[in-house]
Structures are given as structure tokens and as C-alpha cells.
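Here's a quick walk through a protein model, written for someone who likes the cut-offs spelled out. Have the viewer open and follow along.

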Amino acid sequence: RIHRPNCLRHPESRQNRLQACGDALPGGKHPGRSVPHGGLLCGSVGLRPADYRGKPDGRHCRGHYDLQHSGHRLQHRTADHLLYQIGEHPIFSKTANEEESRMSIFHAYVDAAHFHEALGNVLRFAAKRSRLPILEEAQVRFEDGHCVLTCTNLDQWCMSTIPSVGDSFSFVFAGTRKILSACKYFSGELEFTYTIEPTETVPDPEGQISISDGKRSLKRSTERTSDFPELKEKPLDRHYPVNPKRLLERFKRVKYAVSSNDARPNQCCIEFLKDKIIAVDGYRLAMSTDPAVNVEKPFYIPPEVMAELTMFKDQDCTISVGEEWAAVESETLRVLTRIPGYDGFDVERAIPTSFSTEYPVDVDRLLDEVKYLNGFITAKTRKPIRFDGGTLSLETPGGTYLSKVGLPPVEARGLNPKYLLEGLEQFKRVKYAVSS
């Protein structure tokens with residue numbers, strides 16, 4: 001702290017002192033420097049003229065502040081004494097808040113219809129509600145003539161690539177689902193204008209994105225790209241070409257038997273075993289066979305990934321599998337998912353190889369009879385349907401219901417109506433052999 005001598009407390013004494021300095025320049029001018037408010041430069045010390053007003057007791061003050069107390073002078077305006085050197089005074093030096101920013105503007109162009117479709121695809125794998133709001137958004141990255149959109153819930157990642165023209169930059173939408181709703185009204189060429197003002201202390205700040213097709217436009221703030229999770233690629237060493245449309249149809253026939261017990265993650269997935277895909281929940285086992293897809297080592301794919309195979313439409317796809325990750329990918333679309341390890345359970349050994357009774361059945365007719373009986377089952381009376389070959393019957397506290405199906409007699413057994421309906425639904429409009 002540099003204290004002001006008493007001779008400088010009065011304006012007249014200070015003026016005499018300044019005039020005695022040989023290198024002082026009146027008017028506050030100095031080559032390469034300037035002092036605002038008509039101050040003076042004396043050597044390397046910056047001075048501003050005091051704006052004193054007298055008090056009845058002979059003291060002086062500036063405005064409404066009592067500057068006779070040294071603490072007050074330090075808290076308020078202190079340029080009337082020798083407190084700061086030229087390079088230290090806030091007027092002559094930059095603070096963190098006054099750091100110069102470098103505004104950058106980027107432009108890119110894509111087809112509006114392609115962008116809308118790609119954004120809708122990747123949002124299928126964004127978190128619906130998350131404690132990490134960034135997982136509800138989509139990242140957009142322009143580079144090397146491509147626009148890559150990415151969403152993740154940390155268990156699955158979805159990336160869609162479309163052609164683009166323009167600069168290389170990336171950002172994360174804020175309110176992606178609202179932007180998706182707006183994008184369906186865009187048409188033709190879509191222009192993206194991204195504005196960002198990075199600084200040395202904040203190299204990746206929030207920016208602003210403007211989207212326009214020439215007729216309609218929107219402008220929204222963006223999230224920081226560095227907040228979006230970074231994908232660390234894992235090796236995928238096994239590759240199997242598949243037809244996504246055919247594989248989706250097979251999945252729909254077995255998905256009813258997928259377990260919802262999170263304690264058994266393997267049973268919550270679809271198992272690929274040789275030329276089969278299998279779902280098992282501990283009570284039921286559903287299986288679909290296709291020799292066109294034959295895997296040498298079993299693996300699992302979560303049902304939420306299988307259900308989104310519709311995104312690939314008629315594209316040729318490949319399932320790539322590693323130890324912890326698997327991917328379903330085409331030239332423009334990729335879905336990466338975590339997978340559980342193989343638990344060693346041999347599903348084929350659980351399937352009987354011979355049956356005591358076999359006979360053909362009209363599935364549609366049998367399904368109608370089961371639906372008839374199921375209509376009398378309520379939440380309070382969850383009773384099984386009794387099947388003895390010739391009849392299907394149901395007993396409830398409110399009455400007894402029966403339907404003749406005309407099949408050969410078998411040992412009577414009880415069947416869960418929900419399980420029976422879901423199984424028969426997969427064989428509608430076809431005559432199949434029923435084994436027991």
C-alpha cells in the first residue's frame with residue numbers, strides 16, 4: 001500500500017506538486033497512453049482530478065462518500081492518490097470479465113427432409129427424462145462433407161449421417177424435440193448458422209444456432225459440446241449381414257416371451273444362437289429360425305434395439321459383435337448397444353425332442369375360443385383355462401364357462417390364458433401341428 005503524503009490532501013497542494021514534476025503533461029496526454037477524465041500522467045503514476053466538495057467542518061468528500069478514512073478510499077474511487085501503477089489500474093489492464101472474446105460464425109447446408117428423418121431416428125435413443133438433461137438432446141457435427149447426428153442414453157448410441165456442405169463445427173441442441181417438431185415444416189435446402197464467442201478461460205461456451213429454409217427460420221441457444229458424453233469405441237470382431245426387415249418380423253414373433261426381470265439381464269434380451277433367435281422368461285420360450293443368419297458364438301441384443309430395426313427400412317445391414325458391445329449398422333445409420341455376457345445356459349437342451357401326442361389344429365378357430373373364455377376373467381379372478389383336448393373350460397366365482405374345440409382327448413391341464421393368447425397370436429391364419 002502506498003500512502004499519500006499530507007501535502008497532497010488539498011487540491012492546491014496536489015496541483016503544485018504536479019507542476020513541480022518535469023515529466024508531467026497537462027491534459028492527461030502522453031505518447032501511447034491516455035488518462036480519462038482530464039487526468040495527468042506523472043512518471044509512471046496515473047492521476048485523476050479529484051472532484052471534491054467542501055463540508056461545513058472543513059473536511060472534503062467526493063460525491064456521497066467520506067474519503068478521509070483510508071478504508072473508504074480503498075473501497076471506492078482511489079485515482080486521486082498514488083495507489084495504482086499504470087499497468088495495474090483497472091482502466092489500463094484487463095480483468096477476467098473484460099477479457100476479449102473472439103466471435104466465430106459458421107455456415108453449413110443440408111437437405112431439410114433428410115435432416116428431419118435423421119433427427120427423428122437418433123432421438124429414439126435419447127433419454128426421455130434424465131437427471132442429466134444433456135442426454136435428452138442431440139449432438140450435431142458437421143465435418144468432411146457430412147452431418148452426423150448423435151443421441152445416447154449411455155446404454156445405447158445412435159448415429160445418423162447425411163450429406164452436407166459448408167464449414168466444420170459441432171453443437172448440441174437445447175430442446176431437441178421441439179426443434180424436431182419445427183423441422184417437419186422445413187423444405188428444400190436448410191441453412192445452419194452457428195455463432196459462438198469462445199475466450200481463453202471458456203473455450204467452449206454456449207452458442208446460438210439459426211436454422212432457415214428461406215421461408216421459415218428459428219433461432220435457439222445451444223448447449224456446450226464438451227458436456228455431451230464422449231463415445232469410446234470398443235473392438236467388434238464378429239460381423240453378420242442381416243436383412244433388417246426380415247429380422248424385425250422374426251423379433252415380433254418372439255418378443256412376447258422376453259423377461260422383464262432386471263435381475264436376469266440375459267433373459268431381458270433376444271439371444272442369437274446358431275440360426276435361431278430366442279426369447280425366454282422362465283415360463284415361456286419363443287424361438288424363430290432362419291438359416292440365412294447363422295452365428296458361431298451366442299450373443300444377446302436388447303429388445304429396444306431390435307424394435308427400432310424399422311429405421312433401416314430396406315438397407316443392407318450388418319450386426320457387429322464384441323465382448324461388451326454390439327452394433328447394428330448400415331452406410332448411413334448406426335446403433336451401438338451394451339450387451340450382457342453369455343451366461344452359459346443351453347437353451348436347446350430345454351426344448352423337448354419328442355412328444356407323446358401330436359395333432360393338427362386350426363389356430364384361428366382355437367384362438368377365438370380362448371378369447372371367448374378370456375372375456376370372463378377379471379383382475380380379481382385370474383383363473384387358468386382347463387384344457388382336456390375336447391373342451392376348454394373356465395371356472396370362476398361367478399359361473400362356469402365351456403367351449404368345445406373337438407380335439408382328441410389328452411390329460412387335463414391348466415393353461416395361463418394370457419400366455420396362451422400371446423403364443424397363439426403368432427400363428428394366426430395358418431394350420432399348425434400342436435404337440436403335447
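## A walk from helix 8 inward

Leucine 421 sits in helix 8, residues 417-425 (helices are DSSP runs of H or I with at least four residues, strands are E runs of at least two, and both are numbered from the N terminus). Before going further, note that this is a predicted model, where local features need pLDDT of at least 70, side-chain atom pairs count only at pLDDT 80 or more, and totals for chains, interfaces and linings use all residues. Residues are numbered from 1 along each chain as its sequence is written, and side-chain values use heavy atoms, with hydrogens and water left out.

Back to leucine 421: its relative accessible area is 15%, so it is buried (buried is under 20% relative accessible area, exposed is over 50%, and partly exposed is in between, using a 1.4 Å probe and protein chains only). Setting aside neighbours within four places in sequence, leucine 421 is in contact with Leu367, Val370, Lys371 and Asn374, where contact means heavy atoms within 4.5 Å. For lysine 371, which is 50 residues away along the chain, the C-alpha to C-alpha separation from leucine 421 is 7.4 Å.

**The chain overall**

The protein chain has eight helices and 29 strands. It runs to 436 residues, 40% of them buried. Of the contacts between residues at least 6 apart in sequence, 60% join residues at least 24 apart.

**Two cores**

Which residues touch the most other members of the largest nonpolar core? They are Phe115, Phe173, Phe192 and Phe272, in a core of 62 residues. Helix 3 gives the most to this core, with five residues. (A nonpolar core is a set of buried Ala, Val, Leu, Ile, Met, Phe, Trp, Tyr and Cys residues joined through side-chain atoms within 4.5 Å.) Beyond four places in sequence, the contacts of phenylalanine 115 are Val110, Cys147, Leu149, Ile162, Phe173, Cys183, Leu190 and Phe192. There is also a second, separate core of 18 residues, and its members include Leu366, Ile385, Tyr401 and Leu421.

**Helix 3 against helix 4**

Helix 3 (residues 112-122) packs with helix 4 (residues 176-183) at an angle of about 145 degrees, and their axes are 10 Å apart. Here axes are lines fitted to C-alpha atoms, for helices over the stretch in contact, with angles running from 0 to 180 degrees between N-to-C directions. On the helix 3 side the meeting residues are Phe115, His116, Leu119 and Gly120, and on the helix 4 side they are Thr176, Ile179, Leu180 and Cys183. That contact divides into five nonpolar, three polar and no charged residues. (Ala, Val, Leu, Ile, Met, Phe, Trp, Tyr, Cys and Pro count as nonpolar, Asp, Glu, Lys and Arg as charged, and the others, Gly among them, as polar.)

**Cysteines**

How many disulfides are there? The count is zero, taking a disulfide as a pair of cysteine sulfur atoms within 2.5 Å. For cysteine 151, the nearest cysteine sulfur belongs to cysteine 158 and is 7.4 Å away. Cysteine 151 is buried at 0% relative accessible area, and cysteine 147 is likewise buried, at 0%.

**Three threonines**

Here are three threonines side by side.

| Residue | Strand | Relative accessible area |
|---|---|---|
| Threonine 150 | strand 9 | 4%, buried |
| Threonine 222 | strand 15 (residues 217-223) | 1%, buried |
| Threonine 396 | strand 26 (residues 391-396) | 15%, buried |

Not counting residues up to four places away, threonine 150 touches Glu137, Ala138, Gln139, Arg141, Trp157, Cys158, Met159 and Phe228. With that same exclusion, threonine 222 touches Phe171, Val172, Tyr194, Glu206, Gly207, Gln208 and Ile209. Threonine 396 touches Phe376 and Tyr401, again leaving out residues up to four places away. Its C-alpha is 8.5 Å from that of arginine 382, 14 residues apart along the chain.

**Two positive phi values**

Aspartate 144 is not a glycine, yet its phi is positive at about 50 degrees. It lies in the loop between strand 8 (139-143) and strand 9 (146-152). Is aspartate 144 buried or exposed? With 68% relative accessibility, it counts as exposed.

Leucine 154 also has a positive phi, near 80 degrees. Its place is the loop between strand 9 and strand 10 (156-163), and its 33% relative accessibility makes it partly exposed.
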